[in-house]
Amino acid sequence: MFQLRPSLQPSLSKAIRDCRVTVGLTADAFAERLGQPVSFVQQIEKAELSIDRKRLRTCAEALGVSSDELLDIAWSGYEELVVLQHSN
């Protein structure tokens with residue numbers, strides 16, 4: 001079973017939001033592609049909903065990227081955050 005490290009969830013949420021903005025989608029347009037209300041997108045982007053394999057794949061497809069690309073972006077953001085936390 002696929003399960004993300006809980007501490008990676010905020011970085012993945014940020015990666016999803018950053019990709020959405022980069023491809024030029026509003027939260028409303030992204031929600032429409034997902035077939036979900038805009039509140040769903042807001043919860044995903046604020047890391048209020050956990051992101052499982054199905055949600056990750058669905059978000060990636062709606063953004064026109066792969067799940068691996070989103071994970072790579074999230075992981076690089078997570079690594080930067082860990083480095084910053086350790087330097088303080």
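Biologist: A residue is called buried when its relative accessible area is under 20%, and exposed when that area is over 50%. With that in hand, is Cys-59 buried or exposed?

Modeller: The model is a predicted one. In it, the relative accessible area of Cys-59 is 1%. The limit for buried is under 20%, so Cys-59 counts as buried.

Biologist: How many disulfides does the structure hold?

Modeller: A disulfide needs two cysteine sulfur atoms within 2.5 Å of each other. Cys-19, like Cys-59, is buried, with a relative accessible area of 10%. Being buried does not enter into the cut-off, which is a distance between sulfur atoms. The number of disulfides in the structure is zero.

Biologist: What pattern does the protein chain follow along the sequence?

Modeller: There are zero strands in the protein chain, and the helices number five. Reading along the sequence therefore gives helices alone, in the pattern α-α-α-α-α.

Biologist: Among contacts between residues at least 6 apart in sequence, what percentage join residues at least 24 apart?

Modeller: The protein chain has 88 residues, of which 33% count as buried. For the contacts, the starting set is the pairs at least 6 apart in sequence. The part of that set that joins residues at least 24 apart is 63%.

Biologist: How are α2 and α3 placed relative to each other?

Modeller: Helix α2 covers residues 27-34 and helix α3 covers residues 38-45, and their axes come within 8 Å. The axes cross at roughly 105 degrees. Angles from 65 to 115 degrees fall in one class, so α2 and α3 are roughly perpendicular.

Biologist: Of the residues in the contact of α2 with α3, how many are nonpolar?

Modeller: From α2 come Ala-27, Asp-28, Phe-30, Ala-31 and Leu-34, and from α3 come Val-38, Phe-40, Val-41 and Glu-45. Two of the residues in this contact are charged and none is polar. The nonpolar ones number seven.

Biologist: Which residues are exposed on the other side of α2?

Modeller: Start with the buried residues of α2, which are Phe-30, Ala-31 and Leu-34. They lie on the same side of α2, because their arc around the axis is only 100 degrees. These buried residues pack against α1 (9-22), α3 and α4 (53-63). On the other side, the exposed residues are Asp-28, Glu-32 and Arg-33.

Biologist: What is the separation of the C-alpha atoms of Ala-29 and Val-41?

Modeller: Ala-29 lies in helix α2. At a relative accessibility of 27%, Ala-29 is partly exposed. Along the chain, Ala-29 and Val-41 are 12 residues apart, and their C-alpha atoms are separated by 10.0 Å.

Biologist: Which residue follows α2 with a positive phi, and which residue other than glycine has phi near 60 degrees?

Modeller: After α2 comes Gly-35, with a positive phi near 70 degrees. The other residue sits in the loop between α3 and α4 and is partly exposed, at 34% relative accessible area. In order, the two names are Gly-35 and Ala-47.

Biologist: Which residues does Ser-13 touch, not counting residues up to four places away in sequence?

Modeller: Ser-13 is part of helix α1. Its relative accessible area is 1%, so Ser-13 is buried. Leaving out residues up to four places away in sequence, Ser-13 touches Ile-44, Glu-45, Ala-47 and Ile-51.

Key: Residues are numbered from 1 along each chain as its sequence is written. This is a predicted model: local features need pLDDT of at least 70, side-chain atom pairs count only at pLDDT 80 or more; totals for chains, interfaces and linings use all residues. Side-chain values use heavy atoms; hydrogens and water are left out. Axes are lines fitted to C-alpha atoms, for helices over the stretch in contact, and angles run from 0 to 180 degrees between N-to-C directions. Helices (H or I, at least four residues) and strands (E, at least two) are DSSP runs, numbered from the N terminus. Angles under 35 degrees count as roughly parallel, over 145 as roughly antiparallel, 65 to 115 as roughly perpendicular and the rest as oblique. Contact means heavy atoms within 4.5 Å. Ala, Val, Leu, Ile, Met, Phe, Trp, Tyr, Cys and Pro count as nonpolar, Asp, Glu, Lys and Arg as charged, and the others, Gly among them, as polar. Buried means under 20% relative accessible area, exposed over 50%, partly exposed in between (1.4 Å probe, protein chains only). The arc is that of the directions from the helix axis to the C-beta atoms.
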